[in-house]
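Visitor: Could you take me on a close look at one part of this model, the nonpolar core, and show me how the rest of the structure sits around it? I work at the bench, so plain words suit me well.

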Amino acid sequence: MAEISSDHGGGGKKGKPKKMSTHVDFTPMVDLAFLLITFFMLTTTLIKPQTMELAMPPKNDKVEDPPEVAASRAVTVLLGKNHKIFYYVGAPANGVDPKVETSDFSTNGLRKLLLQKNYNQVTKIRELKNKLSDMKITKEEFDKQKQKIMGEKGSPVVMIKATTGASYSDLVDVLDEMAICNIARYAIIDITPYDLGLIKNLDI
Amino acid sequence: MPKVKIPRKSTVQDMAPMCDMAFLLLNFFILTSNFTQKEPAIIDTPKSISEIKIPETNVMKILVDTKGKVFWGIDKQADRIEVLRKMGEVYNISFTDEEYKRFSVVGVFGVPMSAMKTFLAMSPEQRDSKESALGIPCDSLDNQLKDWVTAARSVNKDLRIAIKGDKSTTYPAIKKVMGTLQDVNENRFNLITGLEAEQELTIKK
């Protein structure tokens, strides 16, 4: 333990001041420092949580006629029980129900379809990303150009409708898919009885 | 046989470099980390590829736990007192100075206004206990979350709303909270998520 070794021997001549060693044992100080480190490691977090920005339409805005979406661009995603998702392209035409596909959040599921549908934007944004990583453009420039590409016409419009059996993680996952596939236009909409009827036999 | 004499070496080590290193590490941790705020419910957030960081200040947090119970809190202590005063006016409850002071140190809470007085009278340990995690009512009959949000918005205009939900929170529970926010014209909010790496994608036309 702590000790300050002082030289006691040597006859002890009168008049000569005692020489004290200046050597101090640092062990207790190290103990203290590690104790503090442990305390800080346990009480703090290093990672700051990420957030996802989400803008919802105002409720009181009375939309008489919801904007018409071209059937070829419309994709409806339905969130079911047990992390299952269902999607169909287009809208019912002449009383014929669209074909509903069962899918999941894997790379071969919904993402494949969305990437195909959004091929132009995705490739453009990827080129842009490469430019950014090669330091050819600045971050601001990247954001600006990305905004421009995202605003281009012809990208799919995704309608997200969740059933009561869906969980919050499904919602976040599907919003994540939108971010991954650079979908500029998507909305979370209340599910309709028609959609529920479509997946009645699939959503078990 | 002659004995081999092993010279006795001193076991005393100079601890100064070790001490330096330990304090260096300590410094690093103090500077890079931020304190975990105590939350009344354990929430396991879903992961996303989003890289937007949550702002440091002016955050209004709405927590939704696995059972759909709602918790609420804002980060600035001065604002908290003002918000409680406004809420007291709405619900005709008058609080004492002591209660205001106690409320200002409560981070995120989940008690209805009717239980607020008893909640504030509790010790900090009791407040953290499971029994006091009742959840703020936010259904159509008694929507107190709405009043909290309006009160907080009138006190601080720069507040950003962050919703923190658990992975297994049901969609209707989240929808109820989002609907409440939309009712009071708060249409932009953030969803708190964990970080997940973005995978390289392959696309075919």
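Guide: Happily; here is a walk from the core outward to the sheet, the contact between the chains and chain B as a whole. Please keep in mind that this is a predicted model. Its scores are ipTM 0.76 and pTM 0.76.

Let's start in the core itself. The largest nonpolar core holds 64 residues, and those with the most contacts inside it come from both chains: Val77(A), Leu79(A) and Leu171(A), together with Ile62(B), Val70(B) and Val177(B). The largest share of this core is the six residues supplied by helix α7 (residues 171-183) of chain B. As a general background, nonpolar side chains tend to be buried together in soluble globular proteins.

Val177(B) makes a good place to zoom in. If we set aside its neighbours within four places in sequence, Val177(B) is in contact with Ile62(B), Val64(B) and Val70(B), and also with Cys138(B), Leu145(B) and Ile163(B). Two of these partners, Ile62(B) and Val70(B), are named among the residues with the most contacts inside the core.

Now over to chain A. Here five strands make an open sheet, ordered β5-β4-β3-β6-β7, with mixed pairing. At its edges are β5 (101-103) and β7 (185-189) of chain A, each of which pairs on one side only. On average, neighbouring strands of this sheet are turned by 25° against each other, direction ignored.

Within that sheet, strand β3 (residues 74-79) of chain A pairs with strand β4 (residues 85-89) of chain A in the antiparallel sense, over five bridges. If you want one position to find on screen, look for Thr76(A), which stands opposite Tyr88(A) in β4(A). Helix α2 (residues 110-117) of chain A lies across β3, β4 and β5 of chain A, and runs at about 30° to β4(A).

Next comes the meeting of the two chains. In chain A, 45 residues are in contact with 52 residues of chain B. On the chain A side, at least two residues each come from α1, β1 (44-45), β2 (50-55), α2, α3 (119-133) and α5 (168-180). The element that gives the most to this side is α1(A), with ten residues.

Helix α1 (residues 27-43) of chain A is also where you will find Pro28(A). Is Pro28(A) buried, exposed or partly exposed? Pro28(A) counts as partly exposed because it has 13 C-beta neighbours inside 10 Å. The C-alpha atoms of Pro28(A) and Pro57(A) are separated by 61 Å, though these residues are 29 apart along the chain.

Finally, let's step back to chain B. This chain has seven helices and seven strands, and along the sequence they follow the pattern α-β-β-β-β-β-α-α-α-α-α-β-α-β. Its radius of gyration is 25 Å, whereas a compact globule of 205 residues would have one near 17 Å. Taken along the principal axes, the C-alpha atoms of chain B fill a box of roughly 100 × 65 × 30 Å. Of its 205 residues, 30% count as buried. Among contacts in chain B between residues at least 6 apart in sequence, 73% join residues at least 24 apart.

As for confidence, chain B has a mean pLDDT of 83, with 95% of its residues at 70 or more. In chain B, helix α1 (residues 16-32) has the highest mean, 89, and strand β1 (residues 34-35) the lowest, 74.

How values were computed: Residues numbered from 1 in each chain as written. Chains lettered and ligands numbered in written order. Predicted model: local features only at pLDDT ≥ 70, side-chain atom pairs only at ≥ 80, totals over all residues. pLDDT = per-residue confidence, 0-100. Helix = DSSP H or I, 4+ residues; strand = E, 2+ residues; numbered from the N terminus. Buried ≥ 20, exposed ≤ 12 C-beta atoms within 10 Å, placed from the backbone. Rg over C-alpha atoms; globule rule 2.2 N^0.38 Å. Contact = placed C-beta atoms within 7 Å. Pairing = 2+ DSSP bridges. Axes fitted to C-alpha atoms, helices over the stretch in contact; angles between N-to-C directions. Core = buried A, V, L, I, M, F, W, Y, C linked by C-beta atoms within 7 Å.
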